[in-house]
Every structure is written in C-alpha cells, then in structure tokens.
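Here is a short tour for anyone who would like to get to know this protein at the level of single residues. Have a look at the model first, and then read on.

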Amino acid sequence: MTDDKKDKEFGFATRAIHAGSRPEPLTGARNTPIYQTTSYVFEDTDHAADLFNLSRFGFIYSRLTNPTVSVLEERCAALENGRAAVAAASGHAAQFLTFFTLLEPGDEFLASRNLYGGSMTQFGLSFKRLGWTCHFVDPTDPENFRKALTPKCKGIFIETLANPGGIVLDVEKIAAVARDAQIPLIVDNTMASPYLHNPIEWGADIVIHSTTKFLSGHGTSMGGVVIESGKFDWFKAGKFPTMTQPDPAYHGLTFYETFGDFGFTTKARAVALRDFGPSMAPMNAFLTITGIETLPLRMERHVANAQAVAKFLAGHPKVEWVSYAGLPSSPYHDLAKKYLPKGPGSVFTFGVKGGFDVGRRMVEGMELFSHLANIGDTRSLILHPASTTHRQLSEEQRVASGAGPDVIRLSIGLESIEDILEDLDRGLSRATK
Ligand SMILES: *Cc1c(COP(=O)(O)O)cnc(C)c1O
C-alpha cells in the first residue's frame, strides 16, 4: 500500500490483500516470499547489540521475528483495527503467550464457560499448574462477570461467537465490566473471523485468533495470532507489573514505557515467545497470508451456505433443534444482528432425535462431509463433540458448554449448496434406519 494512506483507511477487502506487504525490494517479487531462514546477518557488532537490546527493529533469529511472519502479523492487526500483532505456532500458543504476558503466579482471570473445548482444558487444568486460576462464568448475562470478579483477576476472556451452542455474547456490555475493573477484555475471535466481527470496535483490548481456521481457510496450516488494540492503559490500571516494571532480561527496560501502544505484543514476543518458543513457521505464515486474501469472499459464501443449511435442518423431521444465531428462532438472533451483521459464521450445532447413538451413526454415514476436528475449512466438516473434542470434560461441563450427547457440530464449507443438503439428508436417514 502507499505510504501516504494508512492501512486503516482502506476497505476490508483491500487490507485483506495488501496490508503489511510490499513488493520485495531486491527482486521485485510481488507476492510475499517465504523467508525460509533461521537467522539474519548483522551489519556489525553495534547493529547486533541494538537489535538484542530492542533499541532497533530488525531481524535476529526466526524464533522471534521472520519477514514472512511479520507480513501476516501486520495484516492481522490491520484487519482487526488493532495496533500490532504477534503470531504463534497455534491458537493455543497465542493464548499461552497472552496469559504469560499478563499474569504472575497466583493471579486469576475470568473466562466465559462457552469456549472452544481445548481452551477450557488449557485454562482449567494446565494453567492451574502454572499458578493461574481461571473462574468460568455463564456469559449470557454480562453482569455475571462483574459478580465473579476478585481482586486478583487480571483479565476477562470470551468468544463473542461461541460454539457449540451458537451463542452470541453482549460484548459491548462485557467490555464495560472489564473497563470498570481496569483489566483487559480478551476476545477469541476465531469463530467469526475479522470479516464478520471486530471486537476492538466494541471495547476489546486484545484479540486472539486460531489462524488454523477461517484465516488460513483451507485446512492446511496451524497458527495463532495475538492482536492488541493499543488503547489499554497499563500504568493507570496499576496491577500489571509485567508491563510496567523494569525487565531484568533487557537491562531494566520497561515495556509499556518504551513501546507504548504496542508494548503488550512486544513483550509477548520478547519474553514469552523468546523463552518458550512457539513460533509460527514461515511456510504456515505464507499459506495463511494467501488464505486471508480471499477471506471476504469465502466468509460471504460460508455464511450463505450455513444459513441455508440451518433453515433446512430446522424443518427436518429427524432434527430436534438447531442452534444457529442466523435463525429468527435463536435467542441470540438480535445480538447476532448487532455484532455480526454480515452473518453469524458457519459453525453451529443441531440435535438429532435419538441421542448419542444416532449422532455417532450420522457422522459415520456422511459422504461429502468429512468427519474431523477442525472448522473453517473450504470443505464441509461434521463432528460429534461429546465423543471427540469435548470428551475430556465432565458430563456436566459438556452439557453446560453445549456439547450434550445428541449434539452434532457442523462447519459448513464452500461446496454447492444442493450437494451439502443432499449429504445431510442422506446422513440423517442412514442414522435413523
Ligand atoms: C481451534 C480453536 C482454538 C485453538 O487453536 P489451535 O490453532 O487449534 O491451537 C481456540 N479457539 C477457538 C475458538 C478455536 O476454534
């Protein structure tokens, strides 16, 4: 993009194709090259020292920064109207980088209990072993977050659009609770993608994506990204020493003072990514950048197909219920219209009549749909959460997070809609024979 016009001033589709990338100056290569290199030659020892001290931007070693990955980071920040971003090897790695940057041992945070199953396990079990306590909250009433706050809470984590369950949260009100408590609101925006929803516009401070899903979009590459709005005042909040106190590993540098509105992602990179190492591979960054170029087109088809499938299933005699916020019967329909006006994604659940066994037989009887644990692929995907992604949870947690025994999850792809509907109809009749 041209330098006199800021990325933010371009339309979404233009940013999806151009943000962060320029023709490669040495060769003129128009597409972003895959910088398949571990390290970068220093000009001299002073240059190297400046880079290591973070007093100059540049590339040292690909665990920290890589030019292909940097393009992806800038692009994701631009799409979310954020200030800066740091990429990671997966969505879960992005969550780890975020909380390691935010919390000290003994700290606590609140999370919606309607989350991706893996996030519930990460927060509830593995984070506990690091001394971080997560309190899960019923997110459908924003005031529940206010009630659950403790003096040690350092953040609120939600998915605006959450599955299973087709739940849409009142993100603006939850952001107000976080603002009153002077703690950041962190939104996992994976299910919506930045095309359908921009949490920062509604008051989120940090946005996370599993780029594995809609952003890469083709089921090819694992990845994650953390984006900061640049608007959170870490000094004023007065409870984030990791951001506001001198860091011994960088000669007493203070991240917020030195890097200001991109201090959080700088710290996530310079400390958490440096010391734990879950970096995104340049090849995966390249595939994700390529995927993002068609994100607006893909999302339009994803939501159009999902809407048609939800309507078809809602009228099907072998279906008990459909939880898609795009249906007027959904209790989340109005919130979806406010926060996801272009459509509430393409991942949703429905209940088959007959419960657990019918559900299992259905996923096994599909031909076009793939039975697997991913979402956001070009292909249509089907899963029985109770026997797969949510099986680590207790029965009570499963039901609470919308993954009861009869629940089937769909991720509607980009195939011809007639073929998608035919496969579902066939799967349902095979399962109930
Ligand atoms: C997949 C997913 C994650 C985890 O991301 P990975 O890339 O699989 O580590 C987190 N949140 C949501 C909503 C997801 O769909």
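The notes below cover one helix, the ligand site and two loop residues.

## Helix α12

Please keep in mind that this is a predicted model. Helix α12 runs over residues 263–276. Its 14 residues, at 1.5 Å a residue, should span 20 Å, and the end C-alpha atoms are 19 Å apart, so the expected and modelled lengths agree. The helix does have a kink of about 30°, centred on Arg-269. Just after α12, Gly-277 takes a positive phi of about 80°.

Is this helix mostly covered or mostly open? It is mostly covered, as 11 of its 14 residues are buried. Among them are Phe-264, Lys-267, Val-271 and Leu-273. Arg-269, at the centre of the kink, is also one of the buried residues.

## Lys-267 and its surroundings

Lys-267 sits in α12, and it deserves a closer look. Its relative accessibility is 8%, and because buried means under 20%, Lys-267 counts as buried.

Which side chain makes a polar contact with that of Lys-267? The partner is Asp-247, at 3.1 Å. Leaving aside neighbours within four places in sequence, Lys-267 is in contact with Asp-247 and also with Thr-101, Thr-242, Met-243, Phe-255 and Ala-272.

## Around the ligand

The ligand is surrounded by 15 residues, and the closest are Gly-91, Asp-188, Ser-210, Thr-212 and Lys-213. Helix α4 (residues 91–102) gives the most to this shell, with three residues.

Oxygen atoms of the ligand have several polar partners. A backbone N or O atom of Gly-91 lies 2.8 Å from a ligand oxygen, and a backbone N or O atom of His-92 lies 2.9 Å from a ligand oxygen. From Ser-210 it is the side chain that takes part, with an N or O atom 2.7 Å from an oxygen of the ligand. On its own the ligand has 380 Å² of accessible area, and the protein covers 94% of that.

## Two loop residues with positive phi

Most residues other than glycine have a negative phi. Leu-54 has a positive value instead, near 65°. Its place is in the loop between α2 (45–52) and α3 (67–79).

Gln-182 is another non-glycine residue with a positive phi, near 55°. It lies in the loop between α7 (171–181) and β7 (185–188). With a relative accessible area of 29%, Gln-182 is partly exposed.

Notes: Residues are numbered from 1 along each chain as its sequence is written. This is a predicted model: local features need pLDDT of at least 70, side-chain atom pairs count only at pLDDT 80 or more; totals for chains, interfaces and linings use all residues. Side-chain values use heavy atoms; hydrogens and water are left out. Helices (H or I, at least four residues) and strands (E, at least two) are DSSP runs, numbered from the N terminus. Buried means under 20% relative accessible area, exposed over 50%, partly exposed in between (1.4 Å probe, protein chains only). A polar contact is a pair of N or O atoms within 3.5 Å; within protein, one must be able to donate a hydrogen and the other to accept it, and residues adjacent in sequence count only if both atoms are side-chain atoms. Contact means heavy atoms within 4.5 Å. The expected span of a helix is 1.5 Å times one less than its number of residues. The bend at a residue is the angle between axes fitted to the seven residues ending there and the seven starting there. A residue is near a molecule or strand if one of its heavy atoms lies within 4 Å of it. Accessible areas come from the Shrake-Rupley method with a 1.4 Å probe; for residues, only the protein chains shown count as cover.
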